[in-house]
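Work through the exercises below with the coordinates open beside you. Each task is followed by a solution that proceeds step by step.

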Amino acid sequence: MQAQGHEFPLRDGEHIVGREANAAICLDSPNVSRRHARFVVKGRSATLEDLGSKNGSFVRGVRLSGATALQPGDDARIGLFTLIFRGGRRSW
């Protein structure tokens, strides 16, 4: 995954996105909840799920209501941050 010029490689498993310092992807902004969303990676597939955040999480411009499968090139918006899923490289 890539955000603001930073790349976040994601291995198989769950990865929390939020303001918490120990989050796999820490996004320091008042528009991001402490535990905002969760990426789940299994092999070459990945999903994103909002964790009940106040401002929501979006994929392809649509607010998430459950786990959503990601395709290479998909954009995810969390707070003011836009993350791009790289797919086969399993990174953001």
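The exercises that follow concern a predicted model, and they move from strand pairing to salt bridges, the nonpolar core and one loop residue.

**Exercise 1. Strand 10 and its partners**

Task: Determine which residues of strand 10 lie on its covered face and which on its uncovered one, and establish how many bridges join strand 10 to strand 11.

Solution.

Step 1. Strand 10 spans residues 75-78, and its covered face consists of Ala-76 and Ile-78, whereas Asp-75 and Arg-77 make up the uncovered face.

Step 2. On one side, strand 10 is joined to strand 7 (residues 57-59) by 3 bridges, the two strands running antiparallel; within this pairing, Phe-58 has Arg-77 as its bridge partner.

Step 3. Strand 10 is also joined to strand 11 (residues 81-84), again in the antiparallel sense, through 4 bridges, and here Arg-77 stands opposite Thr-82.

Step 4. Strand 10 and strand 11 form a hairpin with 2 residues between the strands, in which Gly-79 adopts a positive phi near 60°.

**Exercise 2. The open sheet**

Task: Give the strand order of the open sheet of 5 strands, and identify its edge strands.

Solution.

Step 1. The order is 4-3-5-6-9, and the pairing in this open sheet is mixed.

Step 2. Strand 4 (25-26) and strand 9 (68-69) are the edge strands, since each of them pairs on one side only.

Step 3. Inside that order, strand 3 (residues 13-18) and strand 5 (residues 37-42) are paired antiparallel over 5 bridges, with His-15 of strand 3 standing opposite Phe-39 of strand 5.

**Exercise 3. Salt bridges**

Task: Find how many salt bridges the model contains, and state which residues are linked in a network.

Solution.

Step 1. With a cut-off of 4 Å between a side-chain nitrogen of Lys or Arg and a carboxyl oxygen of Asp or Glu, the count comes to 3 salt bridges.

Step 2. One of them joins the side chains of Arg-38 and Glu-14, with an N to O distance of 4.0 Å; this pair links distant parts of the chain, as Arg-38 belongs to strand 5 and Glu-14 to strand 3, 24 residues apart.

Step 3. The two partners can then be classified by relative accessibility: Arg-38 counts as buried because its value is 18%, which falls under the 20% limit, while Glu-14 counts as exposed because its value is 55%, which is over the 50% limit.

Step 4. Arg-38 also forms a salt bridge with Glu-49, where the closest N and O atoms are 3.0 Å apart; Glu-49 lies in strand 6 (residues 45-50) and Arg-38 in strand 5, 11 residues apart. Glu-49, at 26% relative accessibility, counts as partly exposed.

Step 5. Taken together, Glu-14, Arg-38 and Glu-49 are linked in a network of salt bridges.

Step 6. Another salt bridge brings together the side chains of Asp-74 and Arg-60 at 2.4 Å, N to O. Asp-74 sits in the loop between strand 9 and strand 10, and Arg-60 in the loop between strand 7 and strand 8 (62-63), 14 residues apart. Asp-74 is buried at a relative accessible area of 8%, whereas Arg-60, at 45%, counts as partly exposed.

**Exercise 4. The nonpolar core**

Task: Name the residues that touch the most other members of the largest nonpolar core, and find which strand supplies the largest share of this core.

Solution.

Step 1. The largest nonpolar core has 19 residues, of which Ile-25, Leu-27, Phe-39, Leu-48, Leu-70 and Ile-78 touch the most other members.

Step 2. At least two residues of this core come from each of strand 5, strand 6, strand 10 and strand 11, and strand 5 provides the largest share, 3 residues.

Step 3. To examine one of these members, leave aside the neighbours of Leu-48 within four places in sequence: its contacts then include Phe-39, Val-59, Leu-64, Leu-70 and Ala-76.

**Exercise 5. A loop serine**

Task: Decide whether Ser-53 counts as buried or exposed, and describe what its side chain reaches.

Solution.

Step 1. Ser-53 is located in the loop between strand 6 and strand 7, and it counts as buried because its relative accessibility is 7%.

Step 2. Its side chain makes a polar contact with the side chain of His-36 at 3.2 Å, and the side chain of Ser-53 also reaches the backbone nitrogen of Gly-56 at 3.0 Å.

Step 3. When residues up to four places away in sequence are not counted, Ser-53 touches Ser-33, His-36 and Arg-63.

Key. Residues numbered from 1 in each chain as written. Predicted model: local features only at pLDDT ≥ 70, side-chain atom pairs only at ≥ 80, totals over all residues. Heavy atoms only, no water. Buried < 20%, exposed > 50% of the residue type's maximum accessible area, 1.4 Å probe, protein only. Pairing = 2+ DSSP bridges. Core = buried A, V, L, I, M, F, W, Y, C linked by side-chain atoms within 4.5 Å. Contact = heavy atoms within 4.5 Å. Polar contact = N/O pair within 3.5 Å; in protein donor to acceptor, adjacent residues only side chain to side chain.
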